[in-house]
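Thanks for taking a look at this one with me. Below are a few notes to help you find your way around.

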Amino acid sequence: FQKASARRQDFCDAVTDCCTSATALLRQMIGAAQADLGTLAEHLRLAEKHEKLLSDPPDQRELLRLEDECINARDLHADNLEKERRLEREYRTEQRRGNDA
């Protein structure tokens, strides 16, 4: 009777271990599936975005206007840098003249 009881307990322990292992494996599989779903959703969003961009090309005049704005901004930035450098040179020159006096 005790042998049968011990065998039943061993069987129950084995089933419990098996269920615990299966639960851990299922949790890992669910986590991987959720990550895959997130990746898939991002790919779908990007595919829709690309489809929209490719189906409706931008207006050439708008592109030229944006290019002109970029060129003007670059030129203004270069002018401002040159002014800043000139002011720094003038300041250093004044500092040297003040120290020499």
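**Cysteines, helices and a surface patch**

1. Let's begin with the cysteines: searching the whole structure, which is a predicted model, turns up zero disulfides. Cysteine 12 takes part in no disulfide, and the cysteine sulfur nearest to its own, that of cysteine 19, lies 11 Å away. Cysteine 12 counts as partly exposed, because its relative accessibility is 42% and the partly exposed class runs between 20% and 50%.

2. Why is there no bond between cysteine 18 and cysteine 19? The closest cysteine sulfur to that of cysteine 18 is in cysteine 19, at 5.7 Å, which is too far for a bond, because a disulfide needs the two sulfur atoms within 2.5 Å. Cysteine 18 is exposed, with a relative accessible area of 51%.

3. Next, please look at helix α1, which covers residues 2-55 and includes isoleucine 30. With a relative accessible area of 49%, isoleucine 30 is partly exposed. Together with Leu25, Leu26 and Met29, Ile30 makes a nonpolar surface patch of about 400 Å².

4. Now for helix α2, residues 60-100, where you will find glutamate 82. Is glutamate 82 buried or partly exposed? Glutamate 82 is partly exposed, at a relative accessible area of 41%.

5. One last distance to try in your viewer: how far apart in space are glutamate 82 and aspartate 68? From C-alpha to C-alpha, glutamate 82 and aspartate 68 are 21 Å apart, with a separation of 14 residues in sequence.

Notes: Residues numbered from 1 in each chain as written. Predicted model: local features only at pLDDT ≥ 70, side-chain atom pairs only at ≥ 80, totals over all residues. Heavy atoms only, no water. Patch = residues over 30% accessible without salt bridge, like charges linked within 9 Å, V, L, I, M, F, W, Y side chains within 5 Å. Areas by Shrake-Rupley, 256 points an atom, 1.4 Å probe, with all protein chains shown as cover. Salt bridge = Lys/Arg side-chain N within 4 Å of Asp/Glu carboxyl O. Helix = DSSP H or I, 4+ residues; strand = E, 2+ residues; numbered from the N terminus. Buried < 20%, exposed > 50% of the residue type's maximum accessible area, 1.4 Å probe, protein only.
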